Amino acid sequence: MLIRGLRVLGHAVRDEPHMFAVSVVASVLFSILTIATAFVSGAVVGRIVVPALDQGRVALGTLLLGGCAILAISLGKIVGIFGRRLGAGAMQFNLQAKYRRAVTRRYLRLPLAWHQRHPTGTLLSNANADVESAWYPIAPFPFAVGTVVMLVAAVVSLFLTDWAMALVGVAIFPALLGVNVAYSRRMSPRVARAQQLRAEVSTVAHESFDGALVVKTMGREASETERFAAKAVELRDATIRVGRVRAMFDPILDALPSLGTLAVLVVGGWRFRQGAVQVEEVVSVAFLFTVLAFPVRAIGWVLAELPRSVVGWERIRHVLDAEGDTVYGTTAATGTGPAALRFADVGFAYSDAEGNAGPPVLTGVTFDVPAGRTVALVGPTGSGKSTIAALAARLVDPATGTVTLDGVDLRDLTQDALVGSTALVAQVPFVFDDTIRGNITLDRPGIDDDAAWRALRLAQADGFVGQLAGGLDTTVGERGTSLSGGQRQRLTIARALAGAPRLLVLDDATSAVDPRVEAAILAALRRTAAETLPAPRRPGGETQTASILVVAYRRATIALADEVVYLERGRVVARGTHAELLETAPGYADLVTAYEKAEEEREREHAFDTDRLDGRVDEESVSA
């Protein structure tokens, strides 16, 4: 543990050498002046106090000289304390900020599959609690390094003064080392468990907050409270166990220097009676050993925090050393205008929590989305539609086969080329706690208000946005809580369109939208085969249209597609127009019919609820 802890501190010094140097120099200054205080105090006692007691009077000049010496040393120590604390604080906070940024950058570079294997609460804990724990010893560390000078100077001074008192003082160090070794062994597993429980508590809290709607509507407040309380109690007990170990060892660490001081006084008195030392030397050594207790404690503070620091650092390194980065190619562009997408014999399987491949989700999937055309993916739940959407946007890579855009493998495209060509609108719309404008533009260059309104019109969202008091400046709240589900979906579609993609992938992106509005959106997107949108990433101010791959289940949506790809159990079972598949694919016909009946039932329920609401409103109006 000591070696691992010193390696962590070595990383800190290499990352912040200037602040470390400032704080160490200030600590050395403080240490030297503290040693000087011992000899000045001894001189004051031996040359001023004792003669004054013997003669019954004090020489004013000598008294002023002693006072000035003590004052000068005190002012120097103030400067040392200020520089030490300023440098150590700056070093600690700089390291925390640096590694929070590093962890966050790493999160953003790791693929979606990695994130799916790690709970959000653990990721939050890595970027916050673990970073703080890793650099917690930095506050006392420069001071402890500086006090090594004090320690060496004090030990040398002890031996120069009297060998017997020096041996008594030095004997304390083996005992101190033994106590710290025992402390580290007991503390390390307890700290590791406490850090893990912090992540688990964060995970439970995040799930409860994220699923607040489910918790409320299902009446699970009590059970969620109990679930969180159980983890919180585990964390409390683990933290108490850490505290018990500290409570047992801290008094011992504090008592050892005090016991050493007492032993030095006893031996010093014996040596004084023998005439081997003078009074001022006994006073200096006693004061020196009292001062010596302070660097011993400072080193003890660092050693006491090393187990916690090592655990936090190793949890950070787990993120920073994670493998599986999305590697982009060197092909900068695939062309202009609508893109042609092709899946060729694609197979895919998701990984479990240990990274092992699970059962295949897709097998031998082959189909095309011709440039400027609309293709609908239809299939029962679990048939692989969303996985195909993720592959088309390269959120994941195929295990076998290839996915190409205009004949270029997606893995060969640069990140800018991929992002500039393809846009995915997912099943669950995500809206930032920002304005309508901020959610659409995402600070992307070249997307002005005109482009935002144009995208909103295509997404059939300009109507409700225009009715908002702030228009584009309206803040929508966390995850868009001030908007309905359909409004959030239309807003995310507008966000995708504002970037002028050449391929638009809609993963059931209109499920919360009224069927008539959905039909209008898809009709508008087909027309943009297309209406022109700005192309901020294209040179020359060219305009472009988008090919569309849409996961659909409503008959009206499917009927608008140029071609339908029907999936079952991760395989393409049939391809053709909607009318052709109704005749040639019994499974497709049954599924679409089932979708249609379910939609009709929802519409009847909606109409019934609306009629009842209207009736209540009329009755209340008459009564009023």
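Visitor: Why is R394 called buried?

Guide: Its relative accessibility in this predicted model is 8%. Buried means under 20%, so R394 gets that label.

Visitor: And what makes D397 partly exposed?

Guide: D397 comes out at 30% relative accessibility. Partly exposed runs between the 20% and 50% cut-offs, so D397 belongs there.

Visitor: How do you know that D397 forms a salt bridge with R394?

Guide: Look at the closest N and O atoms of D397 and R394: they are 2.7 Å apart. The rule asks for a Lys or Arg side-chain nitrogen within 4 Å of an Asp or Glu carboxyl oxygen, so the pair counts.

Visitor: What makes R317 and D321 a salt bridge?

Guide: Here the N to O distance is 2.5 Å, and the limit is 4 Å, so R317 and D321 qualify. As for exposure, R317 sits at 26% and D321 at 45%. Both values lie between 20% and 50%, therefore each residue is partly exposed.

Visitor: Why is the K98 and D15 contact called a salt bridge?

Guide: The closest N and O atoms of K98 and D15 are 3.2 Å apart, which is within 4 Å, so this one passes too. The bridge ties together distant parts of the chain, 83 residues apart: K98 is in helix α3 (residues 60-109), and D15 is in helix α1 (residues 2-15).

Visitor: Why is D15 partly exposed?

Guide: Its relative accessible area is 22%; buried would need under 20%, so D15 is partly exposed.

Visitor: How many salt bridges does the rule give?

Guide: The count is 18. There's also a network of salt bridges linking R193, E200, K231 and E234.

Notes:
Residues numbered from 1 in each chain as written. Predicted model: local features only at pLDDT ≥ 70, side-chain atom pairs only at ≥ 80, totals over all residues. Heavy atoms only, no water. Helix = DSSP H or I, 4+ residues; strand = E, 2+ residues; numbered from the N terminus. Buried < 20%, exposed > 50% of the residue type's maximum accessible area, 1.4 Å probe, protein only.
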